[in-house]
Amino acid sequence: MSSSFTHRCLMMLLTGTALAGSIQVSTAAPTRHKHHASSHRTASSAPAKVAAPAAAPVAAAARPAPVPVMAQSQPEEIAVTGRSSRSRQPGGGLLRVETAPKAVQTITHDFIAKLAPSVNLQQVIAMMPAANVTQADPFGLYTGQTNVRGFDTTEIGWLLDGAPLNDIGGGQFYANEVLESENLESVSMQPGSVNLDTPVLSASAGMTTMTMSNPTHRFGGVMDVSFGSFDTFREFIRLNSGDIGNSGVRAMFAFSHTKGNTWRGPGQAEKYHYDFKMVKDFRNGSHTGLTVAYNDQTNDFYLAPNLSQWRTTGYSTNYATDYAGPNAAGANYYKLHVNPFENVVAALPTHIVITPKLTLEDSLYFWHGIGNGTGASVINASSYMGNQAVKLDLGGAKSALALAPSNQEQFRTGNTISLHYKPDHHHDISLGWWYEYANLYQYSPYGIVNQATGEANNIWGTTDIIKTTTGQPFRARDFLSLTQVNMIFIGDTMKYFNDRLNIQIGFKEAMVTRRMYNYTPGTQYNRNLHTPEPLPQIGIAWNFNKQHQIYVSGSTNFKAPSNTSLVDYYNTAGRQTQRGGPSKPEYTIQEELGYRYNGELIVGSISFFNYNLTNRQQTLNYYDGTAGASYSQTVNAGGQTTRGVDIQIATRAWHHIRPYATFEYLHSTIDNNIRVNNDLLPTAGKIAIRSPSKQAKFGLDYDDGSFWFSGQVIYVGKQYASFMNDSSIPQYVTNQVGIGYRFKNHGFMKSPQIQLNMTNLTGAKFRNGVYGFTTNLNPTKGVYGTMIASGGQPSYYLNPPFSAMVTLSTGF
């Protein structure tokens, strides 16, 4: 190794270390501690709460000729072995040329590789025009929030290599547990539409698909190490087998470990992740493969401040660093607010060429997750389980501080199979069936806490739990839900006039059956819900020439009611807090008109969209005057109308520069007044929550093959946090920058690289998202004249402070 090479590496490393190490957060200095998790980790999280009145845990080559718009675009990569590949994708990988007769927004690995390697999927898609992304932390160890054109995360279908990733119960998606960025080849969002054969049942707003990178044909790999703000460090390695003899088989295995302190208050997060992919190619064009992603993670929660806390303590708001004793204040101790989880997803996609005109597509998948999200509370020896009084074994004490986890274990397996028949050049006819069976067990035990130290004996709530004096486990909830899905679909893709005209038509019938069994005393033991949904769709595209295309599309999508909407809940005082019952699925009808331009230098698109949503599912709070108790219930909150426009524009490489810009205008309104007790809250015509009317984003990429720069700026307009629009967060601007240098090959090292990623360069402090919304912040006069009391205070995500991460990587 030459001395000059060593000197350059050392100087850049020291510079990056100084930048990363100099970062301090005056309002929330991170506290190191040995993590209190046991050696066995488990996975998932507590069910999402819709209303939260209280705070809650939270190229140098010549310019290429334009690709014909009617042809499927291919990656234009220049081979560079290492973490960061250089390509000629427009906008630095933020805009891919699309051809489908529907809106598709895609980000490629060219952009992903220049982000901090620890980022999660939500952070990757933040530059998409339709995405309104709230980041919870700078390095992707926590899931934030994604809203698409006025719809939330649970209304979007999320898939990895054909396997659905949404929680089968409520549709939640946890971006931090899916896939490492080094192994993410591309991510595509279809706002408003779902493909005919897509296995999703929480997709009233469209879908997002991820593709894991294929193993390479040559033996080798990539390794990198990162360190940054808040004592964050990360190691990653990927090994590629290359082609194994003449078998047509190649495989990839990757491992990463990430650990860091929380950016405000005490606590830390630690993550172990494994990715595996195998591909088998056959000589007749058939192929099969196996994708596996396994995640093992334990995070200490952030406290999302409510409005009052934000106004008083702001960025200092979080769980308590010190234990205050076995009382209500002690329940705020940070070691009692943890999210341990473990999950694995596997997919087996197969393409079989039967004859030149007949092919078969099959995708078998499996998902398993187990774990919880914890909290704490003081419980009395005389309590209720359901509506039955019980005596608790608290070692003779009248009350005790207890861990209150929300446990779940979920098994989800399914298969999508379809036949494709091409009788001639004009038609591709498909006929298929999706079947899925899911088992989700959810229960809330109470765990034993050391009353002197405030630490739980077991944060998973699987052992060392509190029992009744008769030996029965004491649980606040205890139910099993079984979900079975059958969906049949048929469609045809037609091409005429030398492929200038592309028509896609299809129809699918989704049939979802949920069976709920509640084991809590005093609740209705069994409730069933059967949901049949007809879902037609059509898309038409006309290619004028190689540069110009217009398209129009119409689609229907749905979201099945959540499993928890069927469940009765009681608190430990014996009062009913939720009444379960049947509800209708969300149903959207979406129309879109778009134009795409694919020039020698400039690439762009514009799409006008309109949605009509019916049966909006909302969990709202009510008061039972007879029983003298408040309770929540999932109700049909009526309709929502969403209209707007998405614009994207980028250039191919021009003197190594590739700018990108996007703009979205959104007008999303609530169509109905919402019932509150015996009156109606006058919400008709109000702007939907988390729906900024304007978003603008700008990106700039410079890459000369050695030195590269990647910077992004995001503007998000005002967002409402209540149905009555009497609470909101103001507009804000955020930013991020990446700088890197690729060295020449040296020995076994291929394209060694050093990069520095920084976010929030100005250190601005603001609320960047609505965590928990409310119906109305202020008392409001109802439609019938009743004064409707406040529905509680909304709570918020806080924008992470200035953060930096340095990464050293090399291929081999």
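**Figure 1. F766 is tucked away, stacked against Y732.** F766 counts as buried, at 12% relative accessibility, in this predicted model. Its partner Y732 is buried too, with a relative accessible area of 7%. The two rings form a stacked aromatic pair, with 4.8 Å from centre to centre and 25° between the planes. This pair brings together distant parts of the chain: Y732 belongs to strand β44 (residues 732-742), while F766 is in the loop between β45 (750-759) and β46 (767-772), 34 residues apart.

**Figure 2. F497 and W542 meet edge-to-face.** Two numbers do the job here: a pair of aromatic rings is described by the distance of the centres and the angle of the planes. For F497 and W542 the centres are 6.0 Å apart and the planes sit at 70°, so this pair is edge-to-face. Again, distant parts of the chain are linked: F497 comes from the loop between β26 (475-496) and β27 (501-518), and W542 from strand β28 (residues 526-543), 45 residues apart. F497 is exposed, with a relative accessible area of 56%, whereas W542 is partly exposed, at 29%.

**Figure 3. Five rings gather in one aromatic cluster.** The members are Y142, W263, Y302, W310 and Y315. W263 has another neighbour to look for: the charged end of R264 sits over its ring, 5.1 Å from the centre. For the wider picture, the structure holds 24 aromatic pairs.

**Figure 4. K280 lies over the face of F282**. Here you're looking at a lysine and a ring: K280 is 4.8 Å from the ring centre of F282.

Methods
Residues numbered from 1 in each chain as written. Predicted model: local features only at pLDDT ≥ 70, side-chain atom pairs only at ≥ 80, totals over all residues. Heavy atoms only, no water. Phe/Tyr/Trp six-rings, centres within 6.5 Å; stacked < 30°, edge-to-face > 60°. Helix = DSSP H or I, 4+ residues; strand = E, 2+ residues; numbered from the N terminus. Buried < 20%, exposed > 50% of the residue type's maximum accessible area, 1.4 Å probe, protein only. Lys NZ or Arg CZ within 6 Å of the ring centre and 35° of its normal.
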